[in-house]
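Biologist: I'd like to learn how to read a model like this one. Could you take me through it feature by feature?

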Amino acid sequence: MARTATKLLEVDGLAVRFHTDRGVVPAVDGVSFDVAEGETLAIVGESGSGKSVTAMSILRLIQRPAGEIAGGRVMFEGRDLLQLPERQMQEIRGDRIAMISQEPMSSLNPALTIGLQVGEPLNRHRGMPWPDALQVAGTMLRKVHIPGAASRVRAYPHEFSGGMRQRAMIAMALTCTPRLIIADEPTTALDVTVQAQILELLKQLTREAGSAMILITHDLGVVARYADRVCVMYAGRVVESGPALEIYEDPRHPYTMGLMASVPRLDDAGRQRLVPIEGQPPDLANMPPGCAFAPRCRFVTDRCRQERPALLSVGDQHMKACFADVAQPT
Amino acid sequence: MSHSQPEPLLAVRGLRVHFPVRRGLLAKRQVGTVKAVDGIDFSLAAGETLGLVGESGSGKSTAGLAVLRLLDVTGGDVRFEGRDITALGRTEMRPLRRRMQMVYQDPFSSLNPRMKVADIVGEPLIVHGEAGSRGARRERVAELLDLVGLRPEMGRRYPHEFSGGQRQRIGIARALAVSPALVVCDEPVSALDVSIQAQVVNLFQDLQARLGLAYLFIAHDLAVVRHISDRIAVMYLGKIVELASREQLYRRPRHPYTRALLAAVPIPNPRLEAQRSHQALVGEIPSPLAPPPGCRFSTRCPMATDLCRTEEPPLRDLAVGHRAACHFAED
Ligand SMILES: Nc1ncnc2c1ncn2[C@@H]1O[C@H](COP(=O)(O)OP(=O)(O)OP(=O)(O)O)[C@@H](O)[C@H]1O
Ligand SMILES: Nc1ncnc2c1ncn2[C@@H]1O[C@H](COP(=O)(O)OP(=O)(O)OP(=O)(O)O)[C@@H](O)[C@H]1O
Ligand SMILES: [Mg+2]
Ligand SMILES: [Mg+2]
């Protein structure tokens, strides 16, 4: 697939750290990727590998002073978002770039009705009068398949089920037709039929409006269906990236291979043991000097324990950060 | 699944949980009722896993919370270890709490942000008087953290310092602290990457084999549910529409909603996915404030007839251990 489309977002060398009483935690350590118009990029990887922190950094939502964006650039529509004054950033959030956060309850205000919260971006960014904004909120809730949407604009978050909250957040993110949607685990609380409806809706939006989507998910079935390209993260870094098909059929990093092997399959008759990757992820505050995956890697050599592999090209658009020349045993 | 056993660990009969919908100033006016759970029956044997799947908003979490008496029950009864607990008061419930634990759907709001993780995990030990000495407690907490794949020194941190998946595992460690007999797991692995998910699923199974735990396992991931469950119940709009053994449900689903669910599972293979037709269920999901007459799935069912739109199909036996609520379940 030739990638000729215009790049909408370019993240380059992003570094984020947290200051804790255990020392400095480099949660994101030199992450680079880009997303083109109309494209869906999936970010997958170990729990705790820095996916959400990366997403929040794009919108500069890292809590200071404990957290700090320590370096890198985030180019969006020709501007480096990391250099913008906070006021301009506020104009971008929820309008040009919308985030669907992993934490529905902390992004929804428990004291306000769902309708007010879904309509708010239209009122704030577009100056739409409240009665109209509420009307649109009802329409948006229907679009994300909330049953009885019209009567539920006046419900409060605690009256919604987990999946309904998630969809209310998605409705909120879509009200202003953003150029870039960052969706952090957007469908974890949804059954597969509603999940399909929601992801089709997001996909349709990116296609029609030429928007782009960053999709963070653990569901490798969802990635297979919706992603054009995939970025695999481990311990704060990108360890492999490439077109979705290649990542599945020809994974080159041992972590990616382990991930693919852990997936439970619907056609698995059950009760056989699943195959996790042995060992534990490293403590980010005490990173080993070499490759972060080395202590768990089947292909480890002395070099891996001393030197950190850079993300290098292994094919057209396909990159990996690994010294070993591994290919899927077939 | 021993049908011969006289009394299962948990027996739920005709369970109903309704929420009043109030509007207006000070929310004084009741404008309707959400029948979140509207008459469900199921049982769970010691050491058994019952998977609970279904539409988002169909009442799974509500059912789980009601079974543990963390929500008020509108009707029906819940028997735990042979005893009707539906009407027990706080103090009577107290000794039972230790035996029934919950892993919550939302790992973000269910952990106290002002407590260190070691104290969160160790709290049930203190509450239920199993704490022992400080040293013993510290050791037990370290063991529990290790069990769920967290490093023991992580106990000194606060919840906000953890990622979503890490917090989910803290909730699991806490639920397992007091060696319960029944654990209601509400989406316990959906926030985990597949490798850690595999670890946690294996852990659930090992603990079950070792301690004879029973799980009510609420999840949307049908591959995980197939992997872990002995039997599976499918919910739609407050009702159980199908209940069967794992083999029966996946080999021969009888309810059209179950079939639609299974058909919608994405396959972790881009090549196969690209060749598949993605026919989502059509039609509006009906509102639980005003469920349709007849079969609740009839508004979206590809096979619905006039009969379905007027007469509600009962949950009936189709084969040993296989029940479905559909007029045309034989077709
Ligand atoms: N406020 C904070 N203080 C200290 N450490 C933090 C803080 N927020 C995040 N971290 C750490 O940064 C790392 C990355 O966290 P992040 O939330 O990005 O993970 P993730 O990849 O999204 O994981 P998951 O899949 O579990 O959601 C984690 O190891 C986490 O412990
Ligand atoms: N406290 C409450 N007040 C009013 N309505 C409620 C309350 N709690 C739940 N409901 C409603 O009850 C229904 C069932 O909710 P429940 O949380 O049990 O669904 P669920 O099956 O767990 O869904 P999900 O898969 O999305 O988590 C929903 O329509 C929800 O809006
Ligand atoms: Mg995350
Ligand atoms: Mg729920």
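**Reading the strands**

Biologist: In E2(B), which residue is the bridge partner of Arg23(B)?

Modeller: That partner is Arg29(B). Strands, E, and helices, H or I, are DSSP runs of at least two and at least four residues respectively, numbered from the N terminus. Two strands pair if DSSP finds at least two bridges between them. Here E1(B) and strand E2 (residues 29-44) of chain B are antiparallel, with 12 bridges.

Biologist: Before we go on, what sort of model is this, and how is it labelled?

Modeller: It's a predicted model, where local features need pLDDT of at least 70 and side-chain atom pairs pLDDT 80 or more, while totals for chains, interfaces and linings use all residues. Residues are numbered from 1 along each chain as its sequence is written, chains are lettered from A and ligands numbered from 1 in the order written, and side-chain values use heavy atoms, leaving out hydrogens and water.

Biologist: Back to chain B, then. How many bridges does strand E1 (residues 10-23) make with strand E4 (residues 75-80) of chain B?

Modeller: Five, again in the antiparallel sense. You can find one of the facing pairs by looking at Arg13(B), which has Asp77(B) of E4(B) opposite.

Biologist: And in chain A, which strands does E1(A) pair with?

Modeller: Try strand E2 (residues 23-36) of chain A: strand E1 (residues 7-20) runs antiparallel to it over 10 bridges. Just two residues separate E1(A) and E2(A), and the two form a hairpin. His19(A) has Val24(A) in E2(A) as its bridge partner. E1(A) also runs antiparallel to strand E4 (residues 67-76) of chain A, with eight bridges; there, Glu10(A) is matched with Met75(A) of E4(A).

Biologist: What about whole sheets: in what order do the eight strands of the open sheet in chain B lie?

Modeller: Read across it and you get E6-E7-E8-E3-E9-E10-E12-E11, with mixed pairing. Strand E6 (100-103) and strand E11 (316-319) of chain B are the edges, each pairing on one side only. On average, neighbouring strands are turned by 20° against each other, direction ignored. For such angles, axes are lines fitted to C-alpha atoms (for helices over the stretch in contact), and values run from 0 to 180 degrees between N-to-C directions. At the E6(B) edge, four bridges lead to strand E7 (residues 182-186) of chain B, and the two run parallel. Met102(B) faces Val184(B) in E7(B) there.

**Reading the ligand sites**

Biologist: Now the ligands. Why is the site of ligand 2 called shared?

Modeller: Because residues from chains A and B surround ligand 2. A residue is near a molecule or strand if one of its heavy atoms lies within 4 Å of it. Of the 23 residues around ligand 2, the nearest are Glu159(A), Gly163(A), Ser56(B), Gly57(B) and Thr62(B).

Biologist: Which polar contacts does an oxygen atom of ligand 2 make?

Modeller: A polar contact is a pair of N or O atoms within 3.5 Å; within protein, one must be able to donate a hydrogen and the other to accept it, and residues adjacent in sequence count only if both atoms are side-chain atoms. For ligand 2, an oxygen lies 2.6 Å from a polar backbone atom of Glu159(A). The side chain of Ser56(B) has an N or O atom 2.7 Å from a ligand 2 oxygen, and that of Thr62(B) has one at 2.5 Å.

Biologist: Is Glu159(A) buried or exposed?

Modeller: It's partly exposed, because its relative accessible area is 29%; buried means under 20%, exposed over 50%, partly exposed in between (1.4 Å probe, protein chains only). Glu159(A) sits in the loop between helix H6 (149-152) and helix H7 (162-174) of chain A.

Biologist: And where does ligand 1 lie?

Modeller: Between chains A and B. An oxygen of ligand 1 is 2.6 Å from a side-chain N or O atom of Ser47(A), and one is 2.7 Å from such an atom of Ser52(A).

Biologist: Which residues coordinate the magnesium ion (ligand 3)?

Modeller: Ser52(A), through OG, and Gln102(A), through OE1, at 2.0 to 2.2 Å. The two are 50 residues apart: Ser52(A) is in helix H1 (residues 51-58) of chain A, and Gln102(A) is in the loop between strand E6 (97-100) and helix H3 (104-107) of chain A. Donors are N, O and S atoms within 2.8 Å of the metal (3.2 Å for Na, K and Ca), and sites may look incomplete because water is not among the atoms. Gln102(A) counts as buried, because its relative accessibility is 16%.
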